[in-house]
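Could you walk me through this model in my viewer, one selection at a time? I would like to know what to pick next and what I will find there.

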Amino acid sequence: MIMTLTSTRISPDWPCQVKPPGSFDWERSAAKWLRELIPARYASYPALIRHPVLLARHAQLQVQQEVRVARTALQTARAELPMLGLPESVIEHTIKLYAAEVMQLQHIARSVRAVSDALAGRGAGR
């Protein structure tokens, strides 16, 4: 059996680990990717396993919280890290690390939104 897919414009934020919406088994690939974003203890909850859209919602909340934590760490690093006795070179490296992490988490948040929208039937091209 040959399966033809309609052409769907995928968001540039669409994660490469997730198959395009409408393709065979795409929801399973989405759920697998989303489970990797949440704490392991949540991944086995039956409601999250059975309802990928609920899993996506939880992943959105999780990533939003991680963005807040990384931003707080970045915003307070210059004032608080010297009090820990860290050398200036370590502090500067840590600030760069936090800045990169904020950027990465913002990208992941956009990817989670794209997958969540597709799971909820709102399209992946947003």
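A salt bridge here is a side-chain nitrogen of Lys or Arg within 4 Å of a carboxyl oxygen of Asp or Glu. By this rule, the count comes to 5 salt bridges. Keep in mind along the way that the model is predicted.

**Stop 1: a pair beside the start of α1**

Select Arg-28 and Asp-25 to begin. These two form a salt bridge, and their closest N and O atoms are 3.3 Å apart. Arg-28 is exposed, with a relative accessible area of 60%, while Asp-25 counts as partly exposed at 30% relative accessibility.

**Stop 2: Lys-32 and Glu-36**

Now add Lys-32 and Glu-36. Here too you will find a salt bridge, with the closest N and O atoms 3.9 Å apart. Both Glu-36 and Lys-32 are exposed.

**Stop 3: the buried residues of α1**

Stay with helix α1, residues 26-35, and colour its buried residues: Trp-26, Ser-29, Ala-30, Ala-31, Trp-33 and Leu-34. A reminder for reading such a list: an α-helix has 3.6 residues a turn, so residues three or four places apart point the same way. What covers the buried residues of α1? The cover includes α4 and α5, the latter spanning 88-119.

**Stop 4: α1 against α4**

Show α1 together with helix α4, residues 52-80. Two packed helices are described by the angle between their axes and the distance between the axes. For α1 and α4, the angle is about 30° and the axes are 10 Å apart. Angles under 35 degrees count as roughly parallel, and α1 and α4 are therefore roughly parallel to each other. As for handedness, α1 passes α4 in a left-handed crossing. To see the contact itself, display Ala-31, Leu-34 and Arg-35 on the α1 side, and Pro-52, Leu-55, Ala-56 and Ala-59 on the α4 side. This set of contact residues divides into 6 nonpolar, no polar and 1 charged.

**Stop 5: Ala-59**

Centre the view on Ala-59, which is found in helix α4. Is Ala-59 buried or exposed? At 0% relative accessibility, Ala-59 counts as buried. Setting aside residues up to four places away in sequence, Ala-59 touches Leu-34, Ile-38 and Val-112. Try a distance label from Ala-59 to Ile-38: the two are 21 residues apart in sequence and 5.8 Å apart in space, C-alpha to C-alpha.

**Stop 6: His-58**

Step back to His-58, which also has its place in helix α4. With a relative accessibility of 18%, His-58 counts as buried, because the cut-off for buried is under 20%. Which residues does His-58 touch, not counting those up to four places away in sequence? They are Ile-38, Tyr-42 and Leu-48. Ile-38 may look familiar, since Ala-59 touches Ile-38 as well.

**Stop 7: the link from α4 to α5**

For the last selection, choose Arg-78 and Glu-92. Their side chains meet in a salt bridge at 2.5 Å, N to O. Glu-92 lies in helix α5 and Arg-78 in helix α4, so this pair ties together parts that are 14 residues apart in sequence. Glu-92 is partly exposed, with a relative accessible area of 27%, and Arg-78 counts as partly exposed at 47% relative accessibility. Finally, add Glu-88 to the view: Arg-78, Glu-88 and Glu-92 are linked in a network of salt bridges.

Key:
Residues numbered from 1 in each chain as written. Predicted model: local features only at pLDDT ≥ 70, side-chain atom pairs only at ≥ 80, totals over all residues. Heavy atoms only, no water. Axes fitted to C-alpha atoms, helices over the stretch in contact; angles between N-to-C directions. Helix = DSSP H or I, 4+ residues; strand = E, 2+ residues; numbered from the N terminus. Parallel < 35°, antiparallel > 145°, perpendicular 65-115°, else oblique. Left-handed = near helix turned anticlockwise from the far one by under 90°. Contact = heavy atoms within 4.5 Å. Nonpolar A, V, L, I, M, F, W, Y, C, P; charged D, E, K, R; others polar. Buried < 20%, exposed > 50% of the residue type's maximum accessible area, 1.4 Å probe, protein only.
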